[in-house]
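Reader: Hey, I'm new to this one. Can you pull it up and walk me through a bit of it?

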Amino acid sequence: MSAGHTPVLLQETVRLLSPAPGEVFLDGTAGAGGHAEEIARRIGPEGILVCADGDASMLAVASERLRAFPCARLVHADFSEVERLRHAADGRPFDGMLLDLGISSVQLDDPSRGFSFREDGPLDMRRDQDSGAPSARDILRRATEKELADIFFRFGEERFSRRIARAVADSRRREPIERTLQLANLVKRSIPRKAWPREIHPATRVFQALRIAVNDELGSLATFLGDFTRHLAMGGRVAVISFQSLEDRLVKTSFREQAAGEEAVLSVLTRRPVVPGSEEIGTNPRARSAKLRAARRDR
């Protein structure tokens with residue numbers, strides 16, 4: 001998961017995107033503004049930096065960080081709304097696009113958002129809390145046992161998905177599942193102790209799955225990947241930082257397909273994903289699962 005105060009793979013991302021004075025950039029997941037600040041510094045006041053985020057509270061954090069940069073334009077929108085975000089850049093194509101997927105430290109460390117299994121809070125998990133979309137609590141209440149098992153397996157790659165779904169179904173007959181620690185403890189009890197993962201909390205995959213389902217994260221990413229080249233200038237660069245295999249697979253496949261054959265429009269700039277070094281992981285443990293891929297539009 002991405003860290004809000006410490007931008008993940010910052011220097012590597014900037015190197016691949018190569019922002020230059022006067023260019024037009026999109027940071028589709030502005031978060032706390034860490035990557036955006038470095039891009040804004042490099043494109044200067046003559047450039048345009050559209051900073052989008054589906055979470056209005058994160059835009060407020062980013063706006064403080066970017067206050068000194070007149071090139072920054074903040075938009076409350078999902079990164080999949082590329083057409084709308086291009087309008088925010090006066091209709092100009094982007095010379096660079098960045099997505100830093102995952103959850104920021106600011107969101108993760110706020111128990112009221114419901115993303116963390118380490119602190120007690122309401123099971124919300126919506127990035128946009130004003131959207132009216134179903135929360136994690138709503139999904140746990142309404143979905144059938146089979147639907148829950150499918151969510152846990154498909155989006156979390158949780159091998160005990162059926163057992164956990166059965167435990168959720170049994171538990172909610174007695175009382176509603178509305179709190180993060182309530183769910184985390186239920187998941188822990190559902191997985192045999194000897195099968196607990198060594199490096200992550202036993203509830204990690206279930207919480208990831210619910211978050212992805214609540215926010216349709218893979219749907220947003222697929223929409224972006226199917227549309228972004230139309231809004232990327234010739235020679236423009238795109239970079240995506242992902243934090244779990246489902247996202248990384250989508251990015252890898254999309255870049256590879258659009259770089260193949262006579263109709264290729266992209267060149268892949270990263271033959272293998274760029275990952276954090278031991279020093280960065282040591283100072284920011286949440287960066288450990290990050291993978292950065294980048295491509296350039298050639299035609």
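Author: Sure. Two strands count as paired if DSSP finds at least two bridges between them. Strands (E, at least two residues) and helices (H or I, at least four) are DSSP runs, numbered from the N terminus. This is a predicted model, where local features need pLDDT of at least 70, side-chain atom pairs count only at pLDDT 80 or more, and totals for chains, interfaces and linings use all residues. Residues are numbered from 1 along each chain as its sequence is written, and side-chain values use heavy atoms, leaving out hydrogens and water.

Reader: OK, so how do β1 and β2 pair?

Author: In the parallel sense, over four bridges, with β1 spanning residues 24-27. V24 stands opposite I48 in β2.

Reader: And what joins β2 to β3?

Author: Five bridges, and those two strands also run parallel. Here V50 sits opposite R73 in β3.

Reader: Is β2 buried or exposed?

Author: Six of the six residues of β2 (residues 48-53) are buried (under 20% relative accessible area, 1.4 Å probe, protein chains only), so the strand is largely enclosed by the rest of the structure.

Reader: Which way do they point?

Author: I48, V50 and A52 go one way, L49, C51 and D53 the other. In a regular strand, side chains alternate between the two faces of the sheet.

Reader: New topic: where's Q208?

Author: In helix α10, residues 204-215. Q208 is buried, at 13% relative accessible area.

Reader: What does Q208 touch?

Author: F155, G156 and Q244 (heavy atoms within 4.5 Å), not counting residues up to four places away in sequence.

Terms used:
Buried < 20%, exposed > 50% of the residue type's maximum accessible area, 1.4 Å probe, protein only.
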